[in-house]
Amino acid sequence: MIEFTVWDILRNLLLATRWTILLSLVSFIGGGAVGLMLLFLRISKRKSLRAFAKYYIELFQGTPLLMQLFIAFFGLGLFGVDVPAWLAAGLALIFWTAAFLAEIWRGCVESVAKGQWEASASLGMGWLQQMRYVILPQALKVAVPPTVGFSVQVVKGTALTSIIGFVELSKAGTVVTNATFQPFTVYGFVALIYFTLCWPLSKSSQILERKLNVAHRNH
Amino acid sequence: MSYHFEFGWLLQYYPQIVKGILITIELIAIGGVLGISLGTFCAWVRALGPAWLKPVIAAYVELIRNTPFLIQLFFIFFGLPSLGLQLNELTAANLAMIVNLGAYSCEIIRAGIQATPKGQFEAGASLAMTPFETFRHVVLVPSLQRMWPALSSQVVIVMLGSSVVSQIAAEDLTFAANFIQSRTFRAFEAYIVSTAIYLALAILLRQVLSVVGGLIFQRRLTR
Amino acid sequence: MSLIEITEVRKSYGTNEVLKGINLDVEPGEVIAIIGKSGSGKSTLLRCINGLETITQGSISVAGAQLLDDEVHLKALRLKVGMIFQQFNLFPHLSAGGNVMLSQTVVKKRQKADAEAVARKMLERVGLGHKFDAYPDQLSGGQQQRVAIARALAMQPIALLCDEITSALDPELVAEVLAVVRELAAEGMTLLMVTHEMKFARDVCSRVVFMHEGKVHEIGPPEELFADPKTPELKQFLGVH
C-alpha cells in the first residue's frame with residue numbers, strides 16, 4: 001500500500017481549494033448582481049413585481065441548497081441540455097445567494113428612516129434618483145457587516161457542490177480519504193482550510209458591526 | 001422538448017418518501033430540542049459562566065460556524081471511528097445536527113442574554129438569589145423570548161441543511177429522492193416533488209415554532 | 001450596636017474616587033433621607049450597602065455582620081436588607097404575585113402555597129391585593145413600584161434601601177408610593193432613601209444626610225437641615241440664599 005505523507009494530503013487539498021475560492025467569488029459576485037435586481041423588484045411600486053420577488057426569495061430560502069443543486073444538475077440535463085457540474089454549481093449558488101442577499105439588503109433599505117424618502121421626494125426626486133442618491137448610500141453602510149457575514153455562508157455552500165461532482169475542497173477531501181484511508185486527518189485538514197477561509201470573513205463582519213454601532217451611538 | 005413529465009408513478013415509491021419525511025422530521029425534532037439545550041448551556045457559559053470554560057466554548061462555536069455542515073458530518077461519521085468511536089448513520093446525523101445547531105443557537109441566545117436589562121440581574125441579586133438562580137428564573141425565559149424569531153429561523157435553516165445527511169446514507173427525504181432518481185432516471189419529478197415537500201415542511205416548522213413560542217411565553221416583552 | 005454601621009467607606013472607579021470616606025450609623029427604626037446633587041455618590045453609597053457595588057476601603061456591617069465580598073456573605077446580607085429600584089426592575093414574564101413569590105420559593109425554599117399566602121398578604125399591604133394575577137405591563141408605574149416594594153417585603157428584611165424610587169414616576173403616581181413608604185416607616189421599618197422628594201423627607205424622616213462630592217457634608221434632623229442649612233453647598237442645593 002502506498003504511504004501518503006501529510007504533505008501529499010495537504011497539497012492535494014490546497015490545490016482543490018483554488019476552485020472553492022473561485023466558485024465562492026463567482027457565486028458571491030454573480031449572486032450580488034442578481035440580488036440587486038431582485039432587491040429593486042422586491043421594493044418596487046408594482047405589486048406584481050414585488051410578489052414575484054417575494055415568492056422567489058421564499059422558494060430559495062425555504063428549500064435545501066442541495067435540492068437546488070440537484071435540480072440544476074440532474075433536472076436541466078433531462079431537457080437535453082448537457083450541464084457540466086461547474087455550471088450547475090455556479091448557477092444554483094448564484095440564484096441561492098441572490099435570494100439571501102436581496103433579503104439582507106431589503107432589511108438595510110427599510111432601516112433607512114422614512115423621513116429620508118419624504119425629504120427626497122419633496123425635493124422632486126423620482127424613485128430611481130431617491131434610491132441612487134439618498135437611500136442606497138445610507139443603506140450601504142448598514143449592509144456591509146451582514147453582507148460580509150453572508151459571504152461565509154457562500155464559502156460553506158460551495159462544499160455541497162462536491163455532491164454533484166464539482167471538484168473543490170470537499171470533493172478532494174472525499175477522494176483523498178478514499179485513497180489514504182485516513183478520514184480523521186484528511187477531513188481534519190479540510191475543516192482547517194475552510195476555517196482559514198471563513199474565520200477572517202466572520203471576524204471582519206463582527207468588527208465592522210461593532211464599528212457601525214459605535215458610529216450610530218455617536219449621532 | 002423531448003422529455004415527458006409524469007408524476008403518477010411516484011406513488012409506488014410512497015413508502016420511501018414517507019420514511020424520508022419521518023426521518024427528516026425526527027432529525028429536526030431531536031436536533032432542535034437538544035441543539036437548543038446545548039446552545040443555552042453554551043450561551044450561559046459565554047455570557048455568565050466560569051472564566052476557564054469560556055475559551056473552550058468559544059473555540060467550539062467558532063469552529064462549527066466557520067466550517068461546512070457537510071464536513072462536520074463527514075468528520076463525525078468517517079473520522080471518529082479512527083478514534084474508536086463508531087456510529088451508525090442516524091446517530092452520526094443526529095449528533096452532527098445537535099452540534100451544529102448548538103453552536104449557532106449559542107450565539108443567538110447569548111445575544112438575548114446580553115440584551116437583558118441590567119436591572120433584572122440587580123433585582124435578582126438584591127432578592128438574595130445566586131447568579132445562577134437569577135439566570136434560571138429571571139433571565140433565561142425572557143432571553144429566549146427575545147430571540148425566538150431568530151432561533152426559529154435557525155432551526156428551519158438546520159432542517160433544510162439536514163438534506164446533506166443523505167450523503168452518509170441516512171434515509172431522509174433527500175435520500176429517498178436520490179433513490180427514486182437512481183431507479184427511474186426521472187430526476188425532475190423526483191426532485192421537484194421532494195423540494196415541494198421540503199418547502200411545506202419549512203412552512204410547517206415555522207408555524208409549529210410560532211405556536212410553541214406562544215405556549216412558553218405568556219406575555220409580550222416590552223424590552 | 002447600630003443596625004447599619006458604615007465606617008470610613010471609600011469607593012473608586014479606577015482613578016475616580018466617588019466615595020471619599022463615609023461614616024454613618026443607622027439605628028433600628030430610623031428613616032434616613034440621603035439628598036444631594038447628581039454625581040454626589042448617593043446611589044453608589046446605597047448600592048454598596050447591599051453589595052451591588054464593592055467598596056475600595058472601609059467597612060460596612062449590618063446587624064453585627066461584616067459585609068464581605070463573597071457569595072455566602074452577600075447572600076446573608078441581602079436576606080436582611082432589601083432594595084427598591086428607580087426603574088422598578090419587575091420580572092416581566094411573571095405576574096405581580098409571581099414576582100413576589102419567586103425569591104421566597106427559590107431562595108427561602110418556602111412551599112408554593114406558603115409563598116402564595118405571603119405574597120397575597122404583601123400585595124394587600126401595598127394596596128394591590130386585587131392585582132395578584134396582573135402582569136407588569138398591565139400596571140401603572142406607581143403600581144409596579146408598589147409591587148416591587150411588596151416583593152422586597154416578602155423577604156422580611158430588617159431594612160430597606162430605596163434608590164430614588166419615585167424619580168421615574170409621573171407626578172400623580174408619586175403619592176401612592178410615598179403613602180406606602182410612610183406606612184412602613186410608621187410601623188418601624190428602617191429605611192435609607194435616596195430621594196429628591198424634600199417635602200417627604202421633611203415629614204417622615206428622622207435624619208437627613210446631605211452628600212456633596214462623595215462626602216457627608218451635613219447631617220441632622222430635617223427641621224434643622226432644611227430650616228437652617230449651615231454650609232453654602234447645602235444652601236445652594238436647597239435654593240436658599
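This is a walk through a predicted three-chain model, one selection at a time.

Before you start clicking, note that residues are numbered from 1 along each chain as its sequence is written, while chains are lettered from A and ligands numbered from 1 in the order in which they are written. Because the model is predicted, local features need pLDDT of at least 70 and side-chain atom pairs count only at pLDDT 80 or more, whereas totals for chains, interfaces and linings use all residues.

**Stop 1: chain A**

Select chain A and colour by secondary structure. You should see 8 helices and 0 strands; helices here are DSSP runs of H or I with at least four residues, strands are runs of E with at least two, and both are numbered from the N terminus. Along the sequence the pattern reads α-α-α-α-α-α-α-α. Turn the C-alpha trace onto its principal axes and chain A spans about 80 × 50 × 20 Å. Of its 219 residues, 40% count as buried, a label for residues with 20 or more other C-beta atoms within 10 Å of their own, the C-beta atoms being placed from the backbone (12 or fewer is exposed, anything in between partly exposed).

Now think about contacts, meaning pairs of residues whose C-beta atoms, placed from the backbone, lie within 7 Å. Of the contacts in chain A with a separation of 6 or more, 75% are between residues 24 or more positions apart.

**Stop 2: chain B**

Move on to chain B. Its secondary structure comes to 8 helices and 0 strands, and from the N terminus on the elements run α-α-α-α-α-α-α-α. The C-alpha trace of chain B spans about 75 × 45 × 30 Å along its principal axes. Here 49% of the 223 residues count as buried. Among contacts in chain B between residues at least 6 apart in sequence, 76% join residues at least 24 apart.

**Stop 3: a helix pair in chain B**

Select residues 14-48 of chain B, which is helix H1, and add helix H2 (54-65). Two packed helices are described by the angle between their axes and the distance between the axes. The axes of H1(B) and H2(B) come within 9 Å and cross at roughly 130 degrees; axes are lines fitted to C-alpha atoms, for helices over the stretch in contact, and angles run from 0 to 180 degrees between N-to-C directions. H1(B) and H2(B) are therefore oblique to each other, since angles under 35 degrees count as roughly parallel, over 145 as roughly antiparallel, 65 to 115 as roughly perpendicular and the rest as oblique.

Show side chains next. H1(B) brings Cys42(B), Val45(B) and Arg46(B) to the contact, and H2(B) brings Lys54(B), Ile57(B), Ala58(B) and Val61(B). By class that makes 5 nonpolar, no polar and 2 charged residues; Ala, Val, Leu, Ile, Met, Phe, Trp, Tyr, Cys and Pro count as nonpolar, Asp, Glu, Lys and Arg as charged, and the others, Gly among them, as polar.

**Stop 4: where the chains meet**

Which chains have the most contacts between them? Among the 2 pairs of chains that touch, that is A and B. Put both on screen: 33 residues of chain B are in contact with 30 residues of chain A. On chain B's side, H2, H3 (69-79), H6 (131-161), H7 (173-184) and H8 (187-216) each give two or more residues, and H8(B) gives the most, with 9. This side of chain B divides into 19 nonpolar, 12 polar and 2 charged residues.

Now bring in chain C, where 21 residues meet 19 residues of chain B. On the chain C side, helix H2 (71-80), strand S6 (81-84) and helix H3 (96-106) each supply at least two residues, with H2(C) giving the most, 4 residues. Chains A and C do not touch; their nearest C-alpha atoms are 23 Å apart.

**Stop 5: the sheets of chain C**

Hide everything except chain C. One open sheet has 6 strands in the order S6-S7-S8-S3-S9-S10, with mixed pairing; two strands pair if DSSP finds at least two bridges between them. Its edge strands are S6 and S10 (215-220). Zoom in on S9 (residues 207-212), joined to S10(C) by 5 bridges in antiparallel fashion, and find His212(C) opposite Lys215(C).

The other stop is an antiparallel open sheet of 4 strands, ordered S2-S1-S4-S5. Finish at S4(C) (residues 57-62), which pairs with S5(C) over 2 bridges; Ser61(C) stands opposite Gln66(C).
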